[in-house]
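Let's take a friendly walk through the empty and filled spaces of a protein. Have your viewer ready, and keep the ligand displayed.

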Amino acid sequence: MADAAESHGGGNEPQRVLEFYSGIGGMRYSLIRAGVKAQVVEAFEINDRANDVYEHNFGHRPYQGNIQCLTAADLDGYGADAWLLSPPCQPYTRQGLQKDTGDARAFSFLQILELMPFLLKPPSLLFVENVVGFEVCQLGLTHKTNFVTQEFILSPLQFGIPYSRPRYFCLAKRKPYSFVNEIWNRQLIQSPGPLYEHFDTAFIEDDLSQEDRHKLLQSCQPIESFLELKNPSNNIEAESATLGKGDDNVCDSLQQYYVPLSLVERWGSAMDVVYPDSKRCCCFTKSYYRYVKGTGSLLATVQPEKRDKASLKEQCLRYFTPREVANIHSFPEDFKFPDHISLKQRYALLGNSLSIAVVAPLLQYLFANPQ
Ligand code: SAH
């Protein structure tokens, strides 16, 4: 991993990182992209398909078990400096905790926070990613433990990626460590401005004029630059040739990406349709490809000159391929699925993952030395 000029703690040893809910490794890729001097000493994930993918790419199989079963002694044993967590969305109130204890996967996150005061060697840095509305995190951390937090709600659109996926992030440092920009302590921040050293408050997203907001959107790359299949629908031969070059065989039938007309007829009005020159698409969820409503955008592959006159059924709608979703999540080119992971599993795993373009600068900011 590349060295950052100044890493947290300042020593020569890489920071020891634990990656909880590791999935297909979005956090680990973000850490690499951030260029911080850090080493993942263990990852934890209950889903064996996700672990197959993680192992395929990183050569290490995460600890395959329920995070809820980890004890304070287990955690102390890793001597970790930083914990990265992207728990599944789950009910997070104490009331919810009592209601749903039957689900083995639920509440592992709350439990792990509750262990914090009992650790002999608690981490100095914490990073949590979740859906918007996950404020429990900040409360849990500042209550019994000695952490100072900064919370963010950010979307890849704010980082030049034509993708709307607002997510909540909680960054925490154990005192006496502190953030570079202390003025944002205990704040919920909706602009990437504070992540950059010479941040000028005038950049706050809420203060943007309509015109600046429009410029921000225009500065995004078009969807087209994330596509592996670039030809309009009439050029199936050329498209198939592109797919044929891939090294996995699950995804090399082009036909499976076209949305059946029966679905267009039934759900057309609820579909989010985008074009190669669009500067925005909707959040891909784990149900993309299984359901069309609200699970992610569909790409119109009609020839540009026919676009305006074509009905929705004539727009030749297709799903983004898993590689394209990975590109939109800013995964590196060398990220690969092992052959045995089915198409539906690929979409589900990607839908659960995160935007590296957003998480990498947040991690850089978290690991930076306090001033
Ligand atoms: N950041 C990850 C995805 C996180 S989604 C990525 O980049 O892919 C949440 C993950 O937590 C899922 O993969 C789910 O299988 C796992 N998970 C949920 N509850 C768990 C538990 N109690 N113990 C271990 N893993 C769990």
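What follows looks at the ligand and its surroundings, and then at an enclosed space elsewhere in the search results. Please keep in mind that this is a predicted model.

Start with the ligand, since the space it takes is the largest pocket. Around the ligand there are 19 residues, and those that come nearest are Ile24, Glu45, Asn66, Ser86 and Ser353. If you colour this shell by residue class, you will find 11 polar residues, 6 nonpolar ones and 2 charged ones.

Now zoom in on individual atoms. Glu45, already named among the nearest residues, places a polar side-chain atom 2.6 Å from an oxygen atom of the ligand. The backbone takes part as well: a backbone N or O atom of Gly26 lies 2.9 Å from a ligand oxygen atom, while for Ile46 a backbone N or O atom lies 3.1 Å from a ligand nitrogen atom. On its own the ligand has 570 Å² of accessible area, and the protein covers 95% of that.

Next, turn to the enclosed space. Rolling a probe the size of a water molecule over the atoms shows where empty space is left. Across the whole structure, the search finds 1 cavity of 30 Å³ or more, and the largest cavity has a volume of about 50 Å³. Its lining is made up of Glu129, Leu154, Pro156, Arg165, Arg167, Phe169, Leu354, Ser355, Val358 and Val359. Strand S6 (167–174) and helix H12 (356–367) are the elements that give two or more residues to this lining. By class, the lining of the largest cavity has 6 nonpolar, 1 polar and 3 charged residues.

Notes: Residues numbered from 1 in each chain as written. Predicted model: local features only at pLDDT ≥ 70, side-chain atom pairs only at ≥ 80, totals over all residues. Heavy atoms only, no water. 1 Å grid on protein atoms, 1.4 Å probe; cavity = no way out; pocket = protein on both sides within 12 Å on 5 of 7 lines; lining within 4 Å. Points joined across faces, edges and corners; volume = space filled by probe spheres on them. Helix = DSSP H or I, 4+ residues; strand = E, 2+ residues; numbered from the N terminus. Nonpolar A, V, L, I, M, F, W, Y, C, P; charged D, E, K, R; others polar. Near = heavy atom within 4 Å. Polar contact = N/O pair within 3.5 Å; in protein donor to acceptor, adjacent residues only side chain to side chain. Areas by Shrake-Rupley, 256 points an atom, 1.4 Å probe, with all protein chains shown as cover. Sits in = over half its atoms within 2 Å of the grid points.
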